[in-house]
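Trainee: I should like to study this structure step by step. May we begin with the terms that a description of its interior requires?

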Amino acid sequence: MNTTSAIVLFLLVISGLIWAGVQSNDPSWSGNTNQCKGECYDNWKAENGGGIAEIERSKQAALAAASPSALGEAYYGQCVACHGGNGEGGIGPKLQGQPDSDIVMKLNAYRAGEERGAQSAMMWPVAKSMADADINNLAAYISTL
Ligand code: HEC
């Protein structure tokens, strides 16, 4: 078989597949459009405690009401790999048993790009994105470990 007939054969097969595909299209198929509206959406709202905006509002309210230590605990998820689930240390030093004023002072230093120990470079990117509130919340949580 020469190249030209191979190409012709290839094109024939492809057009055949496209034709077969078009013939078997199901007009009722609705793709990814969300079909949950009307009664379906009312049921969803009843099951989930309101519409999307209401759920978001109650989440925000819960977050605002959470204690600093609970917020710190949530943030601490980013620290576990290096400092251990209970602050017992690992790649990074032990945090357990440190008073919150120490944690605040140390995190502020890393956030400012200051060098403390030999491995401070590992903490700079971690602390860089912390807000003051994050530092206070983390300290509140870590001092309970
Ligand atoms: C990639 C590993 C890594 C991650 C993730 C990490 N740390 Fe560290 N951390 C270190 C290392 C290494 C040091 C020691 C740095 C030095 O030599 O100054 C350190 C030091 C610290 C210190 C100072 C400890 C001391 O007594 O001198 C505090 C406080 C701290 N980290 C808090 C945190 C918090 C809070 C998080 C999470 C938001 C976090 N770290 C995430 C590796 C990490």
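Mentor: A nonpolar core is a set of buried Ala, Val, Leu, Ile, Met, Phe, Trp, Tyr and Cys residues joined through C-beta atoms within 7 Å. Please keep in mind that this is a predicted model.

Trainee: How many helices and how many strands does the protein chain have?

Mentor: Read along the sequence, the protein chain follows the pattern α-α-α-α-α-α-α-α. The count for the chain is therefore read from its DSSP runs. It comes to eight helices and zero strands.

Trainee: What radius of gyration does the protein chain have, beside that of a compact globule of 145 residues?

Mentor: The C-alpha trace spans about 75 × 55 × 25 Å along its principal axes. Of the 145 residues, buried ones make up 12%. A compact globule of 145 residues would have a radius of gyration near 15 Å, but the protein chain has 29 Å.

Trainee: What distance separates the centres of domain 1 and domain 2?

Mentor: The domain assignment places domain 1 at residues 36–65 and domain 2 at residues 68–145. Taken over C-alpha atoms, the separation of their centres is 34 Å.

Trainee: Which helix supplies the largest share of the largest nonpolar core?

Mentor: This core has eleven residues, among them Leu95, Ile103, Tyr110, Met123 and Leu138. Helix H6 and helix H8 (132–142) each supply at least two residues of the core. The largest share, five residues, comes from H8.

Trainee: Which residues does tyrosine 110 contact, leaving aside its neighbours within four places in sequence?

Mentor: Tyr110 is itself a member of the largest nonpolar core, as are Met123 and Ala127. With those neighbours left aside, the contacts of tyrosine 110 are Ser120, Met123, Trp124 and Ala127.

Trainee: Why is tyrosine 76 buried, partly exposed or exposed?

Mentor: Tyrosine 76 lies in helix H4, residues 68–76. Not counting residues up to four places away in sequence, it touches Leu138 and Tyr141. A buried residue needs 20 or more other C-beta atoms within 10 Å, and an exposed one has 12 or fewer. Because tyrosine 76 has 19 such atoms, it is partly exposed.

Trainee: How many nonpolar, polar and charged residues are in the shell around the ligand?

Mentor: The ligand is surrounded by 22 residues, and the closest are Cys79, Cys82, Gly92, Gly117 and Gln119. Helix H5 (80–83) and helix H6 (100–111) each supply at least two residues of this shell. By class, the shell has 14 nonpolar, six polar and two charged residues.

Note on methods
Residues are numbered from 1 along each chain as its sequence is written. This is a predicted model: local features need pLDDT of at least 70, side-chain atom pairs count only at pLDDT 80 or more; totals for chains, interfaces and linings use all residues. A residue is near a molecule or strand if its C-beta atom, placed from the backbone, lies within 6 Å of it. Helices (H or I, at least four residues) and strands (E, at least two) are DSSP runs, numbered from the N terminus. Ala, Val, Leu, Ile, Met, Phe, Trp, Tyr, Cys and Pro count as nonpolar, Asp, Glu, Lys and Arg as charged, and the others, Gly among them, as polar. Domain bounds come from an automatic or database domain assignment. Two residues are in contact if their C-beta atoms, placed from the backbone, lie within 7 Å. The radius of gyration is taken over C-alpha atoms; the globule rule is 2.2 Å times the number of residues to the power 0.38.
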